[in-house]
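Could you walk me through this model in my viewer, one selection at a time? I would like to know what to click on next and what I will find there.

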Protein chains: 2
Amino acid sequence: MKLTEAKQQFISSWGAFGTHWGINRTMAQIHALLLITPDPLTQDDIMEQLNISRGNTNMNIRDLINWGLVERVLMTGERKEYFSAEKDIWKVVKQIVKERKKRELEPMLKLLDQLEEVEGDKRDKNIKSFVDTVSSIKKLGRQADKTLDVMIKAEENWFVGNLVKLFK
Amino acid sequence: MKLTEAKQQFISSWGAFGTHWGINRTMAQIHALLLITPDPLTQDDIMEQLNISRGNTNMNIRDLINWGLVERVLMTGERKEYFSAEKDIWKVVKQIVKERKKRELEPMLKLLDQLEEVEGDKRDKNIKSFVDTVSSIKKLGRQADKTLDVMIKAEENWFVGNLVKLFK
DNA sequence: ATATATTTTCAAAAATTTTTGAAAGTTCGA
DNA sequence: TCGAACTTTCAAAAATTTTTGAAAATATAT
């Protein structure tokens, strides 16, 4: 397979992949493009390579920056802004985990705390079933939260080494 | 908070939560409803409680069954089909992990294998950057794949106990 | 076998999300 | 201060996803 074709494949699969994770196709594609491009790219480069409009490009780059996955790069003597993606995949994964934890897991745990305090007789079958479900989700959620905290701080070696040993 | 309100909140948040994970709102809501309802429900019960059409209900129940999260229950002497969700959250999580691994992670790893074999001189900066990215994603992906395999087989106690100790 | 209850399908409609592109805003050198 | 280069915004259009509901298919009781 030729490089051009391989790149194309990677970008398009990464985009499709993203949609299974609540990330829009274009955002994932821009990320993919920046991941496999050694040098920083401008908005125009990205627009051209992915065939998307200026506005779309701009918005999705902004999102990627908010996610901490892409950064603006200033080239000396150049007026245009350049963009480049973090290439260390372990760092990328940790960053995504960190953000999703903050955006999704933590608010969910907060809500579950409230729901657990539902009024009424705990012997009522309906109340019991509700509280049991909420409690067990909360318990697992808290556990996951702690586990992810450690993961976020860990080095890749730690993950690949220790954890895997444990699993044997 | 009253039970009715708490249930409503849970269902609607679970639905919103689902959309961040590429799952449609209704499917997540039906799942939530079945999780907190002690007895199995019929299609009509679900339609009524969530205010959705018959077709929509039917399709999403089918999806939930395909995901292995809901099962048909036959009530003796009843003609209608009833549905009930697995209530053990650890089992639910494992089932979801298992399915997503099969549907997403494994095909992605297969693709990366192919992409890694791109033609050309590895000293070319563009080829090198591409191959490096693909390889490192593959490496981490394979690791995750193995780790998830162990997790799928594990008991909840193992997760809550051993893993957490390791993390301290 | 027929009538009735129940489930499934799927084309069209509705809702939602994404994309576009032109206008407004900003930055910066001369 | 002006004007060109560049970036950002956002209402409208396009694309995509989800939902509806009525018709078709299937199952069951009599």
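Start by selecting DNA strand C together with the protein atoms around it. Of the strand C atoms within 4 Å of the protein, 61% are sugar or phosphate atoms, and the rest belong to bases. Keep in mind as you go that this is a predicted model.

Next, show the residues around the strand. There are 17 of them, and those that come nearest are Thr26(A), Ser53(A), Arg79(A), Asn58(B) and Arg62(B). Try colouring this surface by residue class: you should see two nonpolar, eight polar and seven charged residues.

Now switch to a cartoon view to see which helices take part. Helix 4 (54–66) of chain A and helix 4 (54–66) of chain B each give at least two residues to the surface near DNA strand C. Helix 4 of chain B makes the largest contribution, with five residues.

Three arginines deserve a close-up here:

- Arg62(B): an N or O atom of its side chain sits 2.2 Å from a phosphate oxygen of DNA strand C.
- Arg79(A): a polar atom of its side chain is 2.7 Å from a base oxygen of DNA strand C.
- Arg79(B): zoom in on its side chain to find an N or O atom 3.3 Å from a base nitrogen of DNA strand C.

With the DNA done, hide strand C and turn to the place where the two protein chains meet. Select the contact residues: 53 come from chain B and 53 from chain A. Together the chains bury about 5400 Å², and 73% of that area lies on carbon and sulfur atoms.

What about charged partners across this interface? Four salt bridges are found between chain B and chain A. For one to look at, pick Asp39(B) and Lys125(A), which form a salt bridge with their closest N and O atoms 2.8 Å apart. If you also display polar contacts, there are 14 residue pairs across the interface, counting those with both residues at pLDDT 80 or more.

To finish, keep just the chain B side that touches chain A and colour it by helix. The elements giving two or more residues are helix 1 (3–19), helix 2 (25–36), helix 5 (89–116), helix 6 (125–153) and helix 7 (156–167) of chain B. Click on helix 6 of chain B, since its 14 residues are the largest share of this side. A last colouring by class divides this side of chain B into 31 nonpolar, twelve polar and ten charged residues.

Note on methods: Residues are numbered from 1 along each chain as its sequence is written. Chains are lettered from A and ligands numbered from 1 in the order in which they are written. This is a predicted model: local features need pLDDT of at least 70, side-chain atom pairs count only at pLDDT 80 or more; totals for chains, interfaces and linings use all residues. Side-chain values use heavy atoms; hydrogens and water are left out. Contact means heavy atoms within 4.5 Å. Buried area is the accessible area (1.4 Å probe) that two parts lose on being put together, summed over both. A salt bridge is a side-chain nitrogen of Lys or Arg within 4 Å of a carboxyl oxygen of Asp or Glu. A polar contact is a pair of N or O atoms within 3.5 Å; within protein, one must be able to donate a hydrogen and the other to accept it, and residues adjacent in sequence count only if both atoms are side-chain atoms. Helices (H or I, at least four residues) and strands (E, at least two) are DSSP runs, numbered from the N terminus. Ala, Val, Leu, Ile, Met, Phe, Trp, Tyr, Cys and Pro count as nonpolar, Asp, Glu, Lys and Arg as charged, and the others, Gly among them, as polar. A residue is near a molecule or strand if one of its heavy atoms lies within 4 Å of it.
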